[in-house]
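Please look over the sequence and the model below before reading on. The text then goes from salt bridges to a cavity and on to the surface.

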Amino acid sequence: MDSSGMKDMAKAASEQIEHASMHDESSFSPKEERALVQKIDLTLLPTIWIMYLLSYMDRTNIGNAKISGMESDLNLTSSQYSTALLVFFVGYVVFEVPSNLVLSRSRPSIFLPAIMVTWGVLTCVMAAIKDFKHLVALRVIIGCVEAGFAPGVLLVLSSWYKRTEQSKRFGVYISAAILSGAFGGILAAVIVNNLEGVHGIRGWRWLFIVEGAATIGVALISLFILPDFPATSKRLSAREREIAVARLATEIVTAITEDSERLTHWQAIFVSVKDWRTWAFTIGYMVSHRWIQYSFIFLSYISQGTLWTCVNGKINFLTVPIYGVAFVCTGITAYFSDKIPTWRGMVIAAWLSFSLACSIAVCAVYNFTTRYFLLILMAAGLWATNGGTLAYASSAFAGMNPEARGASLALVNASGNLAQIYGSYLFPDSDEPKFLMGFAVIFAMLALGIVVFILLHIWFRRQACSVIDN
């Protein structure tokens with residue numbers, strides 16, 4: 001796609017401005033806009049932050065359950081446990097796009113809490129599993145149900161904020177996953193250690209019960225807080241809905257209104273997949289998103305032989321600085337990216353280049369402290385690109401029909417999770433402790449990502465200049 005993309009965006013903007021102009025009170029003051037943004041920030045952001053935090057913890061608690069006794073109680077082999085991990089992401093990837101297509105025609109305040117309650121109940125049921133078959137069956141179902149949450153949040157965020165506001169908000173969203181990684185293992189250890197044997201129930205089973213119950217509770221509360229889309233949210237007054245739609249039109253962000261063109265599900269998918277930007281961001285997000293966790297596989301091996309392995313569970317504390325630095329870098333990057341929105345592509349490419357250099361250095365040195373420090377820097381760079389890529393994609397898709405935008409964002413998010421399926425095969429135990437094959441793939445993928453984001457930056461800059469000249 002060449003200039004047609006910019007023409008489509010301009011057309012969408014003019015239609016939305018025309019819709020807003022039909023109402024005399026659609027003009028708004030900066031004070032009114034600030035008040036509205038603040039209201040949305042105080043309701044939407046904290047709610048999705050807590051929801052995503054629990055989502056990430058529920059998704060990864062199987063690892064904490066394993067080291068707390070689940071593997072021995074269920075007589076799981078290493079390959080069976082790997083299978084249980086992978087089957088979750090099969091359904092998760094497959095159902096992301098269909099789920100967003102449904103969400104675009106429904107109410108986020110009901111849809112997102114509903115699927116959250118469902119996977120929360122299923123997480124509690126995980127406490128009753130007796131064998132490998134039960135484990136796999138529940139993991140498949142939970143993956144299918146939870147598939148709608150992350151891409152749904154992306155669609156909601158992209159529907160409320162202007163292009164120059166999105167990086168900070170996506171940064172807040174991603175920070176929940178970072179903090180979950182930092183303290184999720186420690187929290188799980190507290191739950192397991194304090195509830196082991198209570199009422200005759202193993203600690204790892206209590207882990208599923210407690211975290212599942214917390215998920216259900218937060219989901220029920222979010223029913224009364226989470227807003228819908230700007231033009232349809234019952235949490236806003238009629239005046240606030242007018243302002244929400246009109247202000248988005250000023251930066252060519254389409255919103256669903258009563259007069260919006262409605263696409264069928266297949267039409268939305270077709271609009272999405274025929275746009276080359278969807279595939280560019282799909283590749284860009286895939287190469288950086290899921291390689292973070294494999295640095296921790298490497299960490300668990302380079303820490304062997306050190307004093308950390310003498311005390312059970314200390315590996316959890318080793319991950320805290322990694323996530324802590326990532327949290328800071330992600331926040332700083334998100335804040336400044338909104339100030340230089342036309343340079344987001346280069347910011348992401350710079351972080352990927354930094355992580356690439358760190359990953360090469362990790363394989364070249366053998367001192368534990370040096371490797372650990374390099375892993376901290378590598379993971380920080382990858383996490384910083386995570387929210388940045390989502391904000392960049394959301395901004396690029398802003399002028400799309402909202403239903404097609406939902407499909408594109410879901411495709412981008414699904415691509416990141418593909419690495420969960422094939423990535424685990426790149427780090428076989430036979431390659432320890434260097435894991436040269438796995439890191440070689442990381443090198444290649446990060447290099448590809450750098451090229452993709454540089455090309456995206458060049459293309460968007462040229463299109464912006466072309467529009468100005470015309």
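Which kind of link joins the side chains of Arg-169 and Asp-41? The two side chains meet in a salt bridge, with an N to O distance of 2.8 Å. Because Arg-169 belongs to helix 8 and Asp-41 to helix 2, this pair ties together parts that lie 128 residues apart in sequence. The model is a predicted one, and the distance is computed from its atoms.

Are the two partners buried or exposed? Buried means under 20% relative accessible area. Arg-169 has a relative accessible area of 10%, so this residue counts as buried. Asp-41 has 19% and is therefore buried as well, given that the cut-off is 20%.

Helix 2 takes part in another salt bridge, in which Arg-59 and Glu-146 meet through their side chains at 3.6 Å, N to O. Here the link runs from helix 2, which holds Arg-59, to helix 6, which holds Glu-146, and the two residues are 87 apart in the chain. Arg-59 is buried because its relative accessible area is 5%. Glu-146 has a relative accessibility of 0%, so it is buried too.

A further pair is Lys-162 with Glu-33, whose side chains form a salt bridge of 3.0 Å, N to O. Glu-33 is again in helix 2, whereas Lys-162 sits in the loop between helix 7 (149-160) and helix 8 (166-195); the separation is 129 residues. Both Lys-162 and Glu-33 are buried. This pair is also part of a network of salt bridges that links Glu-33, Lys-162, Glu-165 and Arg-247. In total, the structure holds 14 salt bridges.

Arg-59 leads on to the empty space inside the model, since this residue is one of those that line the second largest cavity. Rolling a probe the size of a water molecule over the atoms shows where empty space is left. The structure has three cavities of 30 Å³ or more, and the second largest of them has a volume of about 60 Å³. Its lining is made up of Asp-58, Arg-59, Asn-61, Phe-88, Thr-123, Met-126, Arg-139, Ile-142 and Phe-208. Which helix gives the most to this lining? Helix 2 does, with three residues. Helix 2 (30-73) and helix 6 (132-146) each supply at least two lining residues, and these two helices also hold the partners of the bridge between Arg-59 and Glu-146.

On the outside, a nonpolar surface patch is formed by Ile-110, Leu-220, Ile-221, Leu-223, Phe-224 and Ile-225. Together these residues have about 570 Å² of accessible area. Leu-223 is found in the loop between helix 9 (203-222) and helix 10 (238-249). Why does Leu-223 count as partly exposed? Its relative accessible area is 32%, and partly exposed covers the range between the 20% cut-off for buried and the 50% cut-off for exposed.

The last step is to the protein as a whole. The protein has 18 helices and zero strands. Of its 470 residues, 56% are buried. The exposed area is about 19300 Å², and carbon and sulfur atoms supply 67% of that area. Taking contacts between residues at least 6 apart in sequence, 82% join residues at least 24 apart. The bridge between Arg-169 and Asp-41 likewise ties together parts that are 128 residues apart in sequence.

Notes. Residues are numbered from 1 along each chain as its sequence is written. This is a predicted model: local features need pLDDT of at least 70, side-chain atom pairs count only at pLDDT 80 or more; totals for chains, interfaces and linings use all residues. Side-chain values use heavy atoms; hydrogens and water are left out. Helices (H or I, at least four residues) and strands (E, at least two) are DSSP runs, numbered from the N terminus. Buried means under 20% relative accessible area, exposed over 50%, partly exposed in between (1.4 Å probe, protein chains only). Contact means heavy atoms within 4.5 Å. Accessible areas come from the Shrake-Rupley method with a 1.4 Å probe; for residues, only the protein chains shown count as cover. Patches are made of residues with over 30% relative accessible area and no salt bridge: like charges are joined within 9 Å, nonpolar side chains (Val, Leu, Ile, Met, Phe, Trp, Tyr) within 5 Å. A salt bridge is a side-chain nitrogen of Lys or Arg within 4 Å of a carboxyl oxygen of Asp or Glu. On a 1 Å grid over the protein atoms alone, a cavity is a set of points where a 1.4 Å probe fits but cannot get out, and a pocket is an open set with protein on both sides within 12 Å along at least five of seven lines; lining residues have an atom within 4 Å of a point. Grid points are joined across faces, edges and corners, and a volume is the space filled by probe spheres set on the points.
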